[in-house]
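The following exercises concern helix packing and sheet topology. Each task is followed by a solution in steps.

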Amino acid sequence: MATDSATDVFEEHRSVLMGVAYRMLGRVADAEDVVQEAWLRWSTADHGQVREPRAYLVRVTTRLAIDRLRHVQSRREAYVGPWLPEPYATDYGPTVPDTAERAVLADSVSLAVLVVLESLSPLERAVFVLREAFGFPFAEIAATLDRGEAAVRQLAGRARKHVDAGRPRYEVDPAQRRDLTERFLAAATEGDLDGLMALLAPDVRLVGDSGGKAKAPVRVLESADKVGRFLHGAARKGIDGVAGRVEFRFMEFNGAECLLFLVDGAPDSVFQLDVVDGRVQSIYIVRNPDKLVTLTR
């Protein structure tokens, strides 16, 4: 296979490889490193012996991601405060026209699901991602992981049971999420504590990820009173104390519309709200600057 043809084949499957690697690792930089390593292996492979390039590339990427995940898991044990995945742009546009397929991809990359996936073993996570997000047959997953098909089915069953137990038991209407996010932003920026409290579910949770490199709660906050007062105080201090031009943008990350907060054009934080019965059930805030670098590209 000529170099140009090999490049074209790889680029044809790059989005799938990046999707697999990101869902495995939760970090864009780590996923990009894995995909780059997969390219290096592909560029030196004997292409004449590769009957199905997509299967070959997914197999290489998955195995590299498993190795990387085992390495980074030890780093995450020492992480300061709650850990959230790095925001990942998922505006699929016309590349994923099917509504059902779009919903599956969005769900499998949501912050809530990726947080649950952190508690799976690397092999369970790989099986879940390949099966649930991309619909690979069990036989192909077994070949990818060099495991028997029966063993892979057991891994899939355990992973699915664990994810179902930990994932949110509701569906969020995009229009409702947008409306609640706009009202949430207005109440926070206007210092309207009563208006903010009215938007929060009684058992609302706030998860803030700073990695110890920005201001954010080092523990998960629970209850409308604690979350509302924290947000009210943070909004007042943040807006009044920021030296620079403050800007808010609505963008799609991890399959959901989020609020991107910028200071002088640089990303400062990403907010995502999960909504249940017209109230904010969960708030995810990513403030670790290392996880916002790719948003400036």
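Axes here are lines fitted to C-alpha atoms, for helices over the stretch in contact, and angles run from 0 to 180 degrees between N-to-C directions. The model under study is predicted.

**Exercise 1.** Determine how helices α3 and α6 are oriented to each other, and which residues make their contact.

*Solution.*
Step 1. The axes of α3 (residues 53-76) and α6 (residues 122-133) come within 10 Å, and their crossing angle is roughly 135°.
Step 2. Angles over 145 degrees count as roughly antiparallel and 65 to 115 as roughly perpendicular, with oblique for the rest outside the roughly parallel class. The two helices, α3 and α6, are therefore oblique to each other.
Step 3. The crossing in which α3 passes α6 is right-handed.
Step 4. On the α3 side, Val58, Thr62, Ile66, Leu69, Arg70, Gln73 and Arg76 make the contact; α6 contributes Pro122, Leu123, Arg125, Ala126 and Leu130.
Step 5. By class, these contact residues comprise seven nonpolar, two polar and three charged.

**Exercise 2.** Establish the strand order of the open sheet and identify which strands stand at its edges.

*Solution.*
Step 1. The six strands follow the order β2-β1-β6-β5-β4-β3, and their pairing is mixed.
Step 2. β2 (221-222) and β3 (246-253) each have a single partner strand, so one side of each lacks a neighbour in the sheet: these are the edges.
Step 3. Within the sheet, β5 (residues 266-276) and β6 (residues 279-286) run antiparallel and are joined by seven bridges. Asp274 is positioned opposite Ser282 of β6.

**Exercise 3.** Which strands does helix α9 lie across?

*Solution.* Helix α9 (residues 174-189) lies across β3, β4 (256-263), β5 and β6. Relative to β5, α9 runs at about 125°.

Key
Residues are numbered from 1 along each chain as its sequence is written. This is a predicted model: local features need pLDDT of at least 70, side-chain atom pairs count only at pLDDT 80 or more; totals for chains, interfaces and linings use all residues. Side-chain values use heavy atoms; hydrogens and water are left out. Helices (H or I, at least four residues) and strands (E, at least two) are DSSP runs, numbered from the N terminus. Angles under 35 degrees count as roughly parallel, over 145 as roughly antiparallel, 65 to 115 as roughly perpendicular and the rest as oblique. A crossing is left-handed if the near helix is turned anticlockwise from the far one by less than a right angle, and right-handed if clockwise. Contact means heavy atoms within 4.5 Å. Ala, Val, Leu, Ile, Met, Phe, Trp, Tyr, Cys and Pro count as nonpolar, Asp, Glu, Lys and Arg as charged, and the others, Gly among them, as polar. Two strands pair if DSSP finds at least two bridges between them.
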